[in-house]
Amino acid sequence: MGNLRLGIAGLGTVGVGVVKLVESRQEAFINMFNKTAMITAVNARSKSRDRGVSLDKFEWFDDARELAKSSSIDVFVELIGGDEGIARESVTIALENGKHVVTANKALIAKHGVELAKIAEANNVALMFEAAVAGGIPIIRVMSQSVIANEITHIAGIMNGTCNYILTTMAKEGRDFKDVLAEAQAKGYAEADPTFDVGGIDTAHKLAILTSLAFGTEVDFDSIYIEGIEENTAEDIKNTDNLGFNIKLLGMALKTPNGIEQRVHPALVAKTSSIAAVDDVNNAVYIESKMLDGIMLEGKGAGEGPTASSVVGDILQILRGQIEPVFITPVAKLKPYEKARMNRHEGGYYIALNVKNKVGALAAISERMAEFDISIDSLIQQKDDGDDVVIPVTIITEETSESEIRAALKKIDNDGFLASHSRVIRIEKFA
Ligand SMILES: NC(=O)c1ccc[n+]([C@@H]2O[C@H](COP(=O)([O-])OP(=O)(O)OC[C@H]3O[C@@H](n4cnc5c(N)ncnc54)[C@H](OP(=O)(O)O)[C@@H]3O)[C@@H](O)[C@H]2O)c1
């Protein structure tokens, strides 16, 4: 293969980053590979918009679908976004026309990855998406080339910078979720519509991809159990901080005897674990495998530079001629995803209860826990606000099952001793 001709569709934050990086590294590419990857054509919505980079020497396309099948490119670089519409159509067209595709689009791969991988592999072209999972962190390369000899048993990631920033700020400043979210939006760290981020969906898109790579299963976004961070309170963060935990929004995939668990939810992690120390907008992915125990990669999960670095890394792998199966395992050999049901999940739990100050209330709660075989590791009566009417109580349980916790709390909620609904956060252990 000679020089690689790139067509870039989408010239926003990531697209412009890719243009700058490819243009500035030409000499290095030629030194390294004795050939280069060069941009020949570009596309976005607006031709006239000033993007702070010169596009004069590239052929302009008004329609990404035309660029996708143009004979002037070898690689279609999709940096538009969205799981349907123009992104899905143009990527499909590119693959069908024998073009390699590099994308940063996690939603597209999480929803249509298997279907697109089939087209890519049938046409002997690459479909690569390192930037789609944790931005600048080269997690897919590590999984496909370094950890590949090992059997992966557990993956956990902090993969949404907005959520991590909000949780870190809530913890540092003792402020509530809504207040910190509003500030993050004002600073441009959170979208005007933050649902995708704070609701855990963005993390789930990335997790769906990692699960397939780790376990050789078909990508199955719809099976992921998802809870966001909207219900986390400053009070829970303070209480759990005193107990030695930090709260993180984790995307997790684990092999269990019941199948593979895929879940996204706020989790308590021991302050002594390395994942607990991943703060602010940073991302991290932790992998546990049989021969390697735990390793963790941490870094920037978004932004022009980090994301462009991953996109161009993929392009250079194609330049080197390293065309591999899209999900490590050839798509025809991916196994159907076998879902472990959430109510069979086992772990420790933090439970926060606002108990009415009535005789027998605590005894009744303890009895309910015993009824469902839930062993209590600690039960702490927090200081009330001086009104003596409601007593905040926090409980840490020993390892138990989700179904027992849910059943016990349903009864406790109905027993009439609580001033408001119980709150629960799962505890995650790391080797
Ligand atoms: N930003 C990050 O840090 C980051 C990190 C990891 C992954 N990603 C992923 O990278 C992708 C791009 O993100 P971004 O942040 O660069 O987005 P962005 O700044 O919003 O840019 C999107 C680009 O797509 C173009 N576009 C929109 N509709 C189009 C259409 N119908 N035809 C052609 N072009 C169209 C826009 O054109 P105009 O400029 O003319 O409007 C714009 O240039 C997304 O899949 C995102 O999830 C982003």
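**Exercise 1. Classify Arg263 as buried or exposed, then do likewise for its salt-bridge partner Glu428.**

Step 1. Arg263 has 1% relative accessibility, so it counts as buried (under 20% relative accessible area is buried, over 50% exposed, in between partly exposed, using a 1.4 Å probe and protein chains only).

Step 2. Glu428, at 7% relative accessibility, is buried as well.

Step 3. The two side chains meet in a salt bridge, 2.6 Å from N to O (a side-chain nitrogen of Lys or Arg within 4 Å of a carboxyl oxygen of Asp or Glu).

Step 4. This pair links distant parts of the chain: Arg263 sits in strand E10 (residues 259-270) and Glu428 in strand E17, 165 residues apart (helices, H or I with at least four residues, and strands, E with at least two, are DSSP runs numbered from the N terminus).

A note before you go on: this is a predicted model, where local features need pLDDT of at least 70, side-chain atom pairs count only at pLDDT 80 or more, and totals for chains, interfaces and linings use all residues. Residues are numbered from 1 along each chain as its sequence is written, and side-chain values use heavy atoms, with hydrogens and water left out.

**Exercise 2. Find the salt-bridge partner of Asp236 and say where the pair lies.**

Step 1. The partner is Arg423, with the closest N and O atoms 2.8 Å apart.

Step 2. Asp236 belongs to helix H11 (residues 234-242) and Arg423 to strand E17 (residues 423-428), so the pair spans 187 residues of the chain.

Step 3. Both Asp236 and Arg423 are buried.

**Exercise 3. Work out how exposed the salt-bridged residues Glu115 and Arg88 are.**

Step 1. Their side chains meet at 2.9 Å, N to O.

Step 2. Glu115 is in helix H5 (residues 106-122) and Arg88 in helix H4 (residues 85-96), 27 residues apart.

Step 3. Glu115 is partly exposed because its relative accessibility is 32%; Arg88, with a relative accessible area of 24%, is also partly exposed.

Step 4. For the whole model, the count comes to 32 salt bridges.

**Exercise 4. Two aspartates, Asp293 and Asp373, have positive phi; place each one and judge its exposure.**

Step 1. Asp293 has a phi of about 55° and is found in strand E12 (residues 293-300).

Step 2. Its relative accessibility is 52%, so Asp293 counts as exposed.

Step 3. Asp373 has a phi near 60° and lies in the loop between helix H13 (361-371) and E14.

Step 4. At 68% relative accessibility, Asp373 is exposed too.
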